[in-house]
Amino acid sequence: MSGKKRASPGADEEKNPLEGVELSDEDAKKLQDVQKQIERVDLLIERHSQQQLLPVYERRRAVVKAIPKFWPVALMNNPLISFQAQHNIDRIALSYLEDLWVTRDPKEPRCFTVEFYFKQNPYFTDSVLKKEYKYITPPGAADETPDADGLTPSMLDFSWERDVRPSAIKVNWKDPQNALTKLHPRIEDEDEESDMPAEAGSFFNFFEIASDPFDIGTTIANEVFSNATDHFLGNIPNDDLDTDEESEEDDDDDAEEIDLEEPRPKKQKKE
């Protein structure tokens, strides 16, 4: 039986009026100028916000010091951080964390230093582990004149990849057998075009290796630290990276297990 070929939906409709819209050079320049103004205001707001939040963060710091394992729990309730601390021995070492602080660059608040404060533990002698994300002034910026708010054109043209240099430190491990970065090293991908490691290894590679391909530092500074209470209480969206079934199969190669007193993600109670 023969028949007409059915026309696709919309075949007889008029051409999409949104196609082929062109932007003149003049309008493009106006949009760029407005966008720069928006970015300028955003940077001023960020700087002012950090100044106003600092004393509040200091008050919170005093409060949470009295709460056992506040920061280990807050960290493990963040899906990305929890995923990067997959090894049971990493979580045990992190359970000795008693304070976490983020210091912002006063001139460039998008740059910061993450500070982990540990009580005495069987893994390393350091009481503080730090990682700095230092602002590197772009070439030519030294000749720029700041405006009334202290901003320069290079600040408005900020690029994280170009203008920020992460640091690395040496962790002073007590026992080479418990050097977590040696037990679980970061393994680079053999594919030269890949910018991500094949295996992340220990969480503490974050401190000993300058590069931060998993954005651990920005996650801690912009999510965990700024919303620490919600992270501790579990009042954040969770991607469920570790399901109950998966957690039973994880860490079979680790002899020691985290007991109920160690930091575990808390579920929000239903009301």
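This report describes the salt bridges and a charged surface patch in a predicted model.

## Salt bridges within helix α1

The model contains 8 salt bridges. One of them pairs K29 with D33, whose closest N and O atoms are 3.2 Å apart. Both residues belong to helix α1 (residues 25-64), where a spacing of 4 residues places them about one turn of the helix apart. D33 is partly exposed, because its relative accessibility of 32% lies between the limits of 20% and 50%.

## Links between distant parts of the chain

R40 and D147 form a salt bridge with an N to O distance of 2.9 Å. This contact connects distant parts of the chain: R40 is in helix α1, whereas D147 is in the loop between β3 (128-135) and α5 (153-156), 107 residues apart. Both partners are partly exposed, D147 with a relative accessible area of 31% and R40 at 24% relative accessibility.

A salt bridge also joins R61 and D99, at 2.8 Å from N to O. Here helix α1, which holds R61, is linked to strand β1 (residues 97-104), which holds D99; the two residues are 38 residues apart. D99 is buried, because its relative accessible area of 5% falls under 20%. Elsewhere, R40, D147 and D149 are joined into one network by salt bridges that share partners.

## A negative surface patch

E188, D189, E190, D191, E192 and E193 form a negative surface patch. One of these residues, E190, is located in the loop between α7 (180-183) and α8 (205-208). E190 counts as exposed because its relative accessible area of 77% is over 50%.

Terms used. Residues are numbered from 1 along each chain as its sequence is written. This is a predicted model: local features need pLDDT of at least 70, side-chain atom pairs count only at pLDDT 80 or more; totals for chains, interfaces and linings use all residues. Side-chain values use heavy atoms; hydrogens and water are left out. Patches are made of residues with over 30% relative accessible area and no salt bridge: like charges are joined within 9 Å, nonpolar side chains (Val, Leu, Ile, Met, Phe, Trp, Tyr) within 5 Å. Accessible areas come from the Shrake-Rupley method with a 1.4 Å probe; for residues, only the protein chains shown count as cover. A salt bridge is a side-chain nitrogen of Lys or Arg within 4 Å of a carboxyl oxygen of Asp or Glu. Lys and Arg count as positive and Asp and Glu as negative; His and the chain ends are not counted. The place of a charge is taken as NZ of Lys, CZ of Arg, CG of Asp or CD of Glu. Buried means under 20% relative accessible area, exposed over 50%, partly exposed in between (1.4 Å probe, protein chains only).
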